[in-house]
Amino acid sequence: MLLPETAAQTELIEVVRITAPTDSGTLVGDVLEIWVEDQAREVLNLVAELPGDELHRCFVPSYGIRAHSSADLLFEIAFCFRCHSALLLGAGVPAGLRRIQGFDPDSGPGRELLERFRACADRVGE
């Protein structure tokens, strides 16, 4: 999956359980966990390794990430594992990447990412 260049500045990732549509241009939901340093880099590497896939139509994302530098929100990504789609949002995303990208949720990185999201939800009792 293509990530914005600002991904290299990421120091912290918020894991978000999305509770409302992303129509507002931002992720709306509950922060399940915060990943820093090595965890944040591992997750961004998983996202970057997600192979492309054919887009389906539902786009009802359940999980997302907010990537932060030491001072700013860099970008957000909403993931819909049912329709194999991810939407990049935020000021740190160039216009060419502000679109839905297809990804293969059944790939190794896709399964690992979903497993990490579910583990966060389990830890907060959702």
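Here is a short chat about strand β4 and the nonpolar cores of this predicted model.

Me: Before we start, what kind of model is this?
Reply: It's predicted, so local features need pLDDT of at least 70, side-chain atom pairs count only at pLDDT 80 or more, and totals for chains, interfaces and linings use all residues. Residues are numbered from 1 along each chain as its sequence is written, and side-chain values use heavy atoms, with hydrogens and water left out.

Me: Okay, is strand β4 enclosed or open?
Reply: Seven of the eight residues in β4 (residues 73-80) are buried, so the rest of the structure largely encloses this strand. Buried means under 20% relative accessible area (1.4 Å probe, protein chains only), and strands are DSSP runs of E, at least two residues, numbered from the N terminus.

Me: Which strand pairs with β4 over six bridges?
Reply: That's β3 (residues 63-68), in the antiparallel sense; strands pair if DSSP finds at least two bridges between them. Arg 66 has Glu 76 as its bridge partner.

Me: And how many bridges join β4 to β5?
Reply: Five, also running antiparallel, with Ile 77 partnered by Leu 88.

Me: Switching topic: which residues touch the most others in the largest nonpolar core?
Reply: Val 47, Phe 75, Ile 77, Phe 79, Leu 113 and Phe 117, out of 29 residues. Such a core is a set of buried Ala, Val, Leu, Ile, Met, Phe, Trp, Tyr and Cys residues joined through side-chain atoms within 4.5 Å.

Me: Which element gives the most to this core?
Reply: α2, with five residues.

Methods:
Buried < 20%, exposed > 50% of the residue type's maximum accessible area, 1.4 Å probe, protein only. Helix = DSSP H or I, 4+ residues; strand = E, 2+ residues; numbered from the N terminus.
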